[in-house]
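Visitor: I am new to this structure and would like a close look at a single part of it. Please take me through the place where the chains meet.

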Protein chains: 2
Amino acid sequence: MTPTASHFSPGLDGVVAARTAISDVDGHGGHLVVRGFAVEDVAPKVTFEEMVFLLWHDALPENGARDRFREDLVDHRQVEDHTLHLLKEAAARAVHPMDALRMTCASLVSRDTGPHKASAVAAAGQDALRLVAVFPVLVAAYHRLLHGLETVAPRSDLSQAANFLYMLRGEEAPESFVRALDTYWNTVADHGLNASTFTARVIVSTDSDVISAVTGAVGALKGRLHGGAPGPALNLVFEVGTADRAETVLREKLGRGERLMGFGHRVYRTRDPRADVLGTAAQRLFDEQGDREIYELARAVEACALDLLREHTPSRVLQTNVEFYTALVLHGLGFPASLFTPVFAAARVAGWTAHCLEQIAANRLFRPESMYVGARNRTWRPAGQRAVSEQRR
Amino acid sequence: MTPTASHFSPGLDGVVAARTAISDVDGHGGHLVVRGFAVEDVAPKVTFEEMVFLLWHDALPENGARDRFREDLVDHRQVEDHTLHLLKEAAARAVHPMDALRMTCASLVSRDTGPHKASAVAAAGQDALRLVAVFPVLVAAYHRLLHGLETVAPRSDLSQAANFLYMLRGEEAPESFVRALDTYWNTVADHGLNASTFTARVIVSTDSDVISAVTGAVGALKGRLHGGAPGPALNLVFEVGTADRAETVLREKLGRGERLMGFGHRVYRTRDPRADVLGTAAQRLFDEQGDREIYELARAVEACALDLLREHTPSRVLQTNVEFYTALVLHGLGFPASLFTPVFAAARVAGWTAHCLEQIAANRLFRPESMYVGARNRTWRPAGQRAVSEQRR
């Protein structure tokens, strides 16, 4: 069953691997639809808990369902002693925060109870709830441990975002911080069939459990090519340092053929609707509190970059992308760059689990073909009769 | 960029997702080629260490390289204290062996040192060595812990297979056992782009590390639909119980429309070359030692099943498959069914890592499309104005 070359799709580019009712990425039009809502209509207005409910249940909850769902998440917030021990042990070895998240995610055990469809679906729902509830707790606890601080126990009276900020800081955060984090998490909770989401669907398609699938997704998110990492955009702002240096620094970079991190997107060719949402969120956050100086600097760098990019590549519209404003929001919340990807994971776990539940509901094993391009007709010889030249290609 | 329906390939069936020089599954011809060798030519003749070398380096090693490679693997056999603690803690909770393997695999930390290609390739090679060396150690240690036994420290003078058997049993195994396990591991070390191998390639394609990729693969292998699990075939033999009951039991099953586990294969339509290799290995193992009675029973069940299947589905050739003989070999080695999938993982990790190294050498991010089939044009309303009927589709 060796397939012919004509079917080969490097990177599966252009291949549709799933039907989904979760989100629609329209890069040409510059739209992101999440469960029927334009992302800019819903992300700034709902709590993250409501967004998770929307992703899983295809509707926003009315008051009663919203409150029950919030309680369900709170009930799954506690971290067991053995998980905490694992985090402490990892911190003692100074393990990277994404590796620590992979380890602790993998250490959870699915509620999966067997091959029966009904119980598997129920177990998947329980696993999803557990993962979404516990991810920010794991991220906050590990961050403190890594910096030599005692962990802070979660509080059941706080929302997902407020509790995360509380566990990180050891004190309650201002409401403006909570709103900014809710908006960020809502904006990036799902984004079509990116590599980590695809990983989760492939794993769960073997009838494996949602814990295993999300562990794989965390591993995929770790990769530099995944996208969503806003660190480099912030580095650009820091590198410029003061507004008067922006044009010189950016012109030098463009002259050396470097990419300006924070501008342009692989998929969104005209406008990234998430950038609009987060640009507004950043402005509101820095208006109320935060390092006003870095905000002004970032906007000056942005204005200069957009001018130079128009001059440099007139044929292509390069807009400020989601990473640029994400960097501003997360910096405004006081997060160091080492927290950026883990905090992103605490949002995207909602999308991963939604995709797992959707995959389970109408499963088909992912089993693509490979095309063999290797050697043929070799025959075994005893070790003493093998040529040294055979050792490496 | 919403793609059209014509590109949708459910389960990526028939889509070629990778070029590979590692193995070629020819289901129609009944051939499995591993790095240019027919599996039946190489699997019974080499050690597992040689098979790993072949998978990674595209050639069998001559004497010197073989000895150095074996030492390299031995050097990576030790398990750190924190990993052992994790296994003990999992055993205390009676965690499933595949979950325990996922946890401990995830708890390893990649040698990955940064974005530079050369160091990334070197780190990937180190991670691969570590994973292949340590998987059987983790499986054996966990099996003993789960059964309330002290773990046995690995021995550096034993081969990969001999050390695994020693760590499981607490005493050296007969040479016939070592040869049978080598043959089994060699036979199933790689098999094209199955779901777990595909998972590993997708994860590593984000430029993530090999530990993360293999952790994802372990999660995918856990699924009931993955294939490779020989437990059900052995259950059939036990269910029959005595040879004289075979026809009655099997006829009843076929009459109820049940599948006879251990016969037929999704891909191999005529002959599964792996079944031939493992059938011979089982025969040799039981000739030398082992539960002769269960072997005779299994062969009687097999003969009866093949007769009945020819009668029942004359249009289709259903042969004894690899799972049937795997079950015999692993049972002959004294392994309980709970060890079957972990022992399979200890072989397939060689294939997973080979595919990771191949993917890294010519990487392209896997980023397929999804097709949106969900709601459109919803608008946000405050929670109090949402209909209860919106709650579920």
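Guide: What follows goes through the contact between the chains, and then the strands beside it in sequence.

This is a predicted model, in which local features need pLDDT of at least 70 and side-chain atom pairs count only at pLDDT 80 or more, while totals for chains, interfaces and linings use all residues. Residues are numbered from 1 along each chain as its sequence is written, chains are lettered from A and ligands numbered from 1 in the order in which they are written, and side-chain values use heavy atoms, with hydrogens and water left out.

Chain A puts 114 residues into the contact and chain B puts in 114 residues, where contact means heavy atoms within 4.5 Å. The size of an interface is often given as the accessible area lost when the parts come together. Here the area buried between chain A and chain B is about 10200 Å², and carbon and sulfur atoms give 56% of that. Buried area is the accessible area, taken with a 1.4 Å probe, that two parts lose on being put together, summed over both. In chain A, the residues that lose the most area to chain B are V16(A), R367(A) and R378(A), together 8% of what that side buries.

Next come the polar and charged pairs. Between chain A and chain B there are 57 residue pairs in polar contact, both residues at pLDDT 80 or more. A polar contact is a pair of N or O atoms within 3.5 Å; within protein, one must be able to donate a hydrogen and the other to accept it, and residues adjacent in sequence count only if both atoms are side-chain atoms. On the side of chain A that touches chain B, helix α10 (residues 210-221) of chain A gives the most, with six residues. Helices (H or I, at least four residues) and strands (E, at least two) are DSSP runs, numbered from the N terminus. By class, that side of chain A has 49 nonpolar, 36 polar and 29 charged residues. In this count Ala, Val, Leu, Ile, Met, Phe, Trp, Tyr, Cys and Pro are nonpolar, Asp, Glu, Lys and Arg are charged, and the others, Gly among them, are polar.

The structure holds 60 salt bridges over all chains, and the count between chain A and chain B is 14. A salt bridge is a side-chain nitrogen of Lys or Arg within 4 Å of a carboxyl oxygen of Asp or Glu. One of them joins the side chains of K222(A) and D209(B), at 2.6 Å from N to O. The side chains of E50(A) and R386(B) also meet in a salt bridge, at 2.7 Å from N to O. This pair crosses between chains: E50(A) lies in helix α2 (residues 48-57) of chain A, and R386(B) in the segment after β5 (369-372) of chain B.

Strands cross the contact as well. Strand β5 (residues 369-372) of chain A runs parallel to strand β1 (residues 16-20) of chain B, and four bridges join them. Two strands pair if DSSP finds at least two bridges between them. Within this pairing, E369(A) has V16(B) in β1(B) as its bridge partner.

How are the two chains related? A rotation of 180° with 0.0 Å of shift along its axis superposes chain A on chain B, with an RMSD of 0.0 Å. That is the relation of a two-fold axis. Copies are superposed by least squares on the C-alpha atoms of residues with pLDDT of at least 70 in both. The residue of chain A that comes closest to the rotation axis is G216(A), at 2.0 Å (C-alpha). The same surface serves both copies, as 100% of the contact residues of chain A recur in chain B.

Last come the strands that follow β1 in number. In chain B, three strands form an open antiparallel sheet in the order β2-β3-β4. Its edge strands, each pairing on one side only, are β2 (23-26) and β4 (37-38) of chain B. Four bridges pair β2(B) with β3(B), and S23(B) stands opposite V34(B) in β3(B). V34(B) also stands opposite F37(B) in β4(B). The hairpin of β2(B) and β3(B) has four residues between the strands, and G30(B) there takes a positive phi near 75°.
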